[in-house]
Amino acid sequence: MYVLYEIIFNVYACYTKGLMKHPQEKIFVAHTKEIVDPGSLSFHFEQENKQIEGFLLKQNAEYRAYLNRCPHTGVKLNWNPDVFFDLNREFIQCSMHGALFQPLDGLCIHGPCVNQSLQAFNIVIESGQIYLLLPC
Ligand code: FES
């Protein structure tokens, strides 16, 4: 019964946000000016009573957002809070075993999880503010 109530509540929440055609929740994560190019920034939010950790990237004026979880073992990728790039700021690098991921699509191109990908979030930028678009 509680699950049914939760589903009805979530559908209602999407409806009231005007997102019924493509139910999505919009979560603000950062202002575009908070990220240098190339650079990265951690963020977190709560979903279904779980803390979700992710990070934003900016490279060549392109923005991407990924879940902070390496596909090799599931650990967080970064050594430091907002540092996800390798030393050359060319690839995302896992701090555990050094896997390298392409910034624009999250594909691992070197290391123990080659051909696996980071989990990407859909994002939208409006008036200099970056939002995640999550399915409701
Ligand atoms: S945990 Fe990331 S490469 Fe092994």
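## Gln51 and its surroundings

Start with Gln51, which touches His44 and Glu46 once residues up to four places away in sequence are left out. Keep in mind that this is a predicted model. Gln51 sits in strand S3. Is Gln51 buried or exposed? It's exposed, because just 8 other C-beta atoms lie within 10 Å, and a residue counts as exposed at 12 or fewer.

Strand S3 also has a partner in S2: nine bridges join the two, and they run antiparallel. Within that pairing, Ser42 is the residue opposite Phe55 of S3.

## The nonpolar core

Phe55 turns up again in the largest nonpolar core. That core has 19 residues, and Phe55 and Leu56 are the ones that touch the most other members. Which strands supply at least two residues each? They include S3 (50–59), S4 (62–67) and S9 (129–135). S3 gives the most, with three residues. As a general point, nonpolar side chains in soluble globular proteins tend to be buried together.

Leu56 has a good list of contacts, again leaving out residues up to four places away in sequence. Leu56 touches Val29, Ala30 and Ile35, then Ser40, Leu41 and Phe43, and finally Tyr63, Ala65 and Ile130.

## The six-stranded sheet

So much for single residues; now the sheet around them. Six strands make up an open sheet with antiparallel pairing, in the order S1-S9-S8-S4-S3-S2. S1 and S2 (39–47) are the edge strands, each pairing on one side only. From one strand to the next, the twist averages 30°. In general, strands of a sheet pair through backbone hydrogen bonds, either parallel or antiparallel.

At the S1 end, strand S1 (residues 24–31) pairs with S9 in the antiparallel sense over seven bridges. One handy spot to look at is His31, whose bridge partner in S9 is Gln129.

## The S8–S9 hairpin

On to the pairing of S9 with S8. Strand S8 (residues 120–126) is joined to S9 by five bridges, and the two run antiparallel. Here Ile125 stands opposite Ile130 in S9, and Ile130 is also one of the residues that Leu56 touches.

How many residues lie between S8 and S9 in their hairpin? There are two, and Ser127 in the turn has a positive phi of about 50°.

## The three-stranded sheet

There's another open sheet to look at, with three antiparallel strands in the order S5-S6-S7. Its edge strands are S5 (92–93) and S7 (108–110), and each of them pairs on one side only.

Strand S6 (residues 100–101) is joined to S7 by two bridges, with the strands running antiparallel. If you want to find this pairing in the model, look for Leu100, which stands opposite His110 in S7.

## The chain as a whole

Zooming out, what does the chain contain in the way of helices and strands? One helix and nine strands. Along the sequence, the pattern reads α-β-β-β-β-β-β-β-β-β.

Of the 136 residues in the chain, 20% are buried. As for contacts between residues at least 6 apart in sequence, 44% of them join residues at least 24 apart. The pairing of S1 (residues 24–31) with S9 is one place to see distant parts of the sequence side by side, and Leu56 touching Ile130 is another.

Key. Residues numbered from 1 in each chain as written. Predicted model: local features only at pLDDT ≥ 70, side-chain atom pairs only at ≥ 80, totals over all residues. Core = buried A, V, L, I, M, F, W, Y, C linked by C-beta atoms within 7 Å. Helix = DSSP H or I, 4+ residues; strand = E, 2+ residues; numbered from the N terminus. Contact = placed C-beta atoms within 7 Å. Pairing = 2+ DSSP bridges. Axes fitted to C-alpha atoms, helices over the stretch in contact; angles between N-to-C directions.
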